[in-house]
Number of protein chains: 2
Amino acid sequence: MEAPIKILIADDEADILEIISFHLIKAGFEVFTAKDGSEAIEKANTYAPDCIILDIMMPKRNGFEVCEYLRSNSKFDKTLIVLLTALNDETSHIKGLELGGDDFITKPISPKVLISRITALFRRLQPSTGQNKIINSNDLSIDLTQYKTTLKGVNYVLAKKEFELLYLLAAQPGRVFLRGEILSQVWGNDVIVGDRTIDVHIRKIRAKLGIDCITTVKGVGYKFDY
Amino acid sequence: MEAPIKILIADDEADILEIISFHLIKAGFEVFTAKDGSEAIEKANTYAPDCIILDIMMPKRNGFEVCEYLRSNSKFDKTLIVLLTALNDETSHIKGLELGGDDFITKPISPKVLISRITALFRRLQPSTGQNKIINSNDLSIDLTQYKTTLKGVNYVLAKKEFELLYLLAAQPGRVFLRGEILSQVWGNDVIVGDRTIDVHIRKIRAKLGIDCITTVKGVGYKFDY
DNA sequence: AATCAATATTATCAAATTGTTAACTAGCCC
DNA sequence: GGGCTAGTTAACAATTTGATAATATTGATT
């Protein structure tokens, strides 16, 4: 998991917010906090977290309302929602899960348990994205289904050939691709283009991304290394 | 969900086995039972269930051992494991999740809760089973049942094809749809229309909504991004 | 250090792709 | 029928992308 996982916690009790943040940060997550339902929705929209932990009982909008809002917005389709409550009450539990919550944790919260559960949720979720067409390396992400390249969260627009070339190399970091391989993979076997064409595209990728993620292996070919 | 979801329950207490089975069957699952750890492993191999509910305290092999066995076998990569225990004990909880359990439920078990949680787990796992008829993204809402599009609460009237095209793209924000995909999804496979037709409709949508929610990926297709 | 081949860079032009407009057609309702 | 709307298409403009050639630079080898 390259890019840090973003977690938003919403609870009106400042001390709980603090203790949970502390443990989540220590566990390597990037943490945002909200002290009521409205702020939770606002920050969810701003930061697009991967997981949102919601207290049921909160001012402005309660956890159920926030959960319902999130689940009605396709933007949050892949966002995990964990509901938190002081009540050990079966009705809330079922209601929360039916509204689309992914997990339910009862207070008092053990930080260790919380982190274990969140980790377990992500473990389950990650492979479910299937044979991922997304390549992640450091802070560089290359998503084939979206034709999208981001570096440190910033989006870079690559042209079709540039993208396909980068994707090919990045799919097997470190491996050197011969010019012939690149030609047949990116251009196809029936198309005939000169060697300089590859260079030019490599150059454009390097220029656009501003990082040297492609290494030249003189006399052989190119490889992705980042 | 075409084929019934198969669930294996392992517990040494016959009455618990019975009551859980009863409720799971009622909820539409196909249920297998085992009364100890060895039998659980045996039946897991035989029936390849989608979900295995394991009591921690069982004869022959306990829940942890079975969990560890299952997780070491790639055959069960996609199998959900739910651990069950009478102890409300944090250590077991964490140990179970770390061994690769997907969820942890403490006794006494409420059948309703159990079923909610299992359903929630499967909901997450199933790739977009939720064929939502209403798409919401930011302040844009697209309602298939009413063929209605609203932006910031204001209603916009899209023609049939325009609506269907927008709906298709918006159903999977970010994903690039190839022109061919768009044609077969919106127009069908037997209808033959030119490529310009898509452009014109895209243009009309952009003009009507006044926002640029559809991005062109040159040489590839279009995607919804808002 | 000189040489040579491979690669990088730049500019330029050609080709592909999409955007835009307007015109045409078919169906529908009054 | 006449007027309306939606859908399609054609023609052209605008834009983006791709390929090449010419030139500069690099790096290995001697």
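Visitor: How far does a polar side-chain atom of R206(A) lie from a phosphate oxygen of DNA strand C?
Guide: In this predicted model, the distance from a polar side-chain atom of R206(A) to a phosphate oxygen of DNA strand C is 2.7 Å.

Visitor: And what is the distance for the side chain of Y222(A)?
Guide: An N or O atom in the side chain of Y222(A) is 2.4 Å from a phosphate oxygen of the strand. For R179(A), the corresponding distance to a phosphate oxygen of DNA strand C is 3.2 Å.

Visitor: Which elements give two or more residues to the surface near DNA strand C?
Guide: Chain A provides α8 (195-209) and β11 (214-217), and chain B provides α8 (195-209).

Visitor: How many residues surround the strand, and which are the closest?
Guide: DNA strand C is surrounded by 22 residues, the closest being R203(A), T216(A), Y222(A), R206(B) and Y222(B). By class, this surface has 12 charged, 6 nonpolar and 4 polar residues.

Visitor: What part of the DNA faces the protein, in terms of sugar or phosphate and bases?
Guide: Sugar or phosphate accounts for 69% of the strand C atoms within 4 Å of the protein, and bases account for the rest.

Visitor: Turning to the helices, how do α7 and α8 of chain A pack?
Guide: Helix α7(A), residues 179-187, meets α8(A) at an angle of about 75°, and their axes are 11 Å apart. The two helices are therefore roughly perpendicular to each other.

Visitor: Which residues meet there?
Guide: From α7(A) come R179(A), I182(A), L183(A) and W187(A); from α8(A) come D195(A), R196(A), T197(A), I198(A), D199(A) and H201(A). The residues of this contact comprise 4 nonpolar, 4 charged and 2 polar.

How values were computed. Residues numbered from 1 in each chain as written. Chains lettered and ligands numbered in written order. Predicted model: local features only at pLDDT ≥ 70, side-chain atom pairs only at ≥ 80, totals over all residues. Heavy atoms only, no water. Near = heavy atom within 4 Å. Polar contact = N/O pair within 3.5 Å; in protein donor to acceptor, adjacent residues only side chain to side chain. Helix = DSSP H or I, 4+ residues; strand = E, 2+ residues; numbered from the N terminus. Nonpolar A, V, L, I, M, F, W, Y, C, P; charged D, E, K, R; others polar. Axes fitted to C-alpha atoms, helices over the stretch in contact; angles between N-to-C directions. Parallel < 35°, antiparallel > 145°, perpendicular 65-115°, else oblique. Contact = heavy atoms within 4.5 Å.
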